[in-house]
Amino acid sequence: MSAKKTAAKKAAADEGPSKKLIASNKRARHDYYIDQTWEAGIVLSGTEVKSLRDRGASLIDGYCYIEGGEVWMDNAHIAPYVKGTWTNHAARRKRKLLLHKIEIEKLASKSREKGYTIVPMEMYFLGSHAKVVIGLGRGKKEWDKRQTLREKQDLREAQRAMRRRELA
């Protein structure tokens with residue numbers, strides 16, 4: 001093996017496990033102001049993991065709630081595994097999220113306040129472990145959504161103008 005390849009492998013090992021994105025919920029940032037985020041593990045069955053490796057997931061309609069001191073993610077879609085048999089999973093079942101007790105208590109106290117909800121933001125593999133980023137969000141009003149879109153559009157136009165100016 002060449003010195004370049006061994007150096008690249010060593011650098012990759014120093015960085016830690018790589019992050020492989022499965023699904024993201026862009027709608028969450030559109031509908032909510034996200035105040036705080038947490039990274040949580042997910043309890044999955046075997047066919048769910050195989051389906052996630054094929055990137056068969058959607059977080060669009062998903063939401064999270066706290067019940068009995070545990071955090072649950074419900075209505076997130078993980079497609080049934082194509083090669084699965086009778087052991088296949090239900091696509092929209094509720095799944096337990098793994099967080100530390102202190103994090104759950106903080107999340108529970110914040111989510112009890114009026115207007116706050118817990119939404120899944122993105123799902124990814126960190127090494128061999130499936131993780132989900134959940135965010136504590138406050139709902140946006142319709143005019144807030146329009147204002148955010150207007151700001152993004154203005155920023156895009158400014159960047160285009162700057163690029164044109166550099167090229168000229």
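Arginine 93 and glutamate 48 join their side chains in a salt bridge, 2.8 Å from N to O (a salt bridge is a side-chain nitrogen of Lys or Arg within 4 Å of a carboxyl oxygen of Asp or Glu). Because arginine 93 belongs to the loop between S6 and S7 and glutamate 48 to helix H3, the pair ties together parts that are 45 residues apart in sequence. Helices (H or I, at least four residues) and strands (E, at least two) are DSSP runs, numbered from the N terminus. Glutamate 48 is buried, with a relative accessible area of 0%, while arginine 93 is partly exposed at 28%; buried means under 20% relative accessible area, exposed over 50%, and partly exposed in between (1.4 Å probe, protein chains only). Glu48, Arg93 and Arg95 are linked in a network of salt bridges.

A word on what you are looking at: this is a predicted model, in which local features need pLDDT of at least 70 and side-chain atom pairs count only at pLDDT 80 or more, whereas totals for chains, interfaces and linings use all residues. Residues are numbered from 1 along each chain as its sequence is written, and side-chain values use heavy atoms, with hydrogens and water left out.

Let us stay with helix H3 (residues 46–53), whose buried residues are Thr47, Glu48, Ser51 and Leu52. Viewed down the axis of H3, they fall within an arc of 140°, so they line one face of the helix (the arc is that of the directions from the helix axis to the C-beta atoms). Their cover includes S1, S3, strand S6 (77–78), strand S7 (95–98) and S8. After H3 comes arginine 55, which has a positive phi, near 60°.

Helix H4 has its own buried residues, Ile104, Leu107 and Ala108. These cover an arc of only 100° around the axis, which puts them on the same side of H4. They pack against S2, S4, S5, S8 and S9.

Now to the interior. The largest nonpolar core has 24 residues, and those with the most contacts inside it are Met73, Leu97, Leu99, Leu107 and Ile134. Such a core is a set of buried Ala, Val, Leu, Ile, Met, Phe, Trp, Tyr and Cys residues joined through side-chain atoms within 4.5 Å. If you look at leucine 97 and set aside its neighbours within four places in sequence, you will find it in contact (heavy atoms within 4.5 Å) with Ala40, Gly41, Ile42, Cys64, Val71, Met73, Val132 and Ile134. Apart from this core lies another, of six residues, among them Ala28, Ile34, Tyr124 and Val133.

Tyr124 also takes part in a charge–ring arrangement: the charged end of lysine 19 sits over the ring of tyrosine 124, 4.4 Å from its centre. For this, NZ of Lys or CZ of Arg must be within 6 Å of the ring centre and within 35 degrees of the ring normal. Arginine 53 places its charged end over the ring of phenylalanine 125, 4.2 Å from the centre.

Lysine 19 has a second partner, glutamate 122, in a salt bridge of 3.1 Å, N to O. Lysine 19 lies in strand S1 and glutamate 122 in strand S8, so this pair ties together parts that are 103 residues apart in sequence. Lysine 96 and glutamate 70 form a salt bridge too, with their closest N and O atoms 3.0 Å apart. Here the link runs between strand S7 and strand S5, 26 residues apart. In total, the structure holds eight salt bridges.
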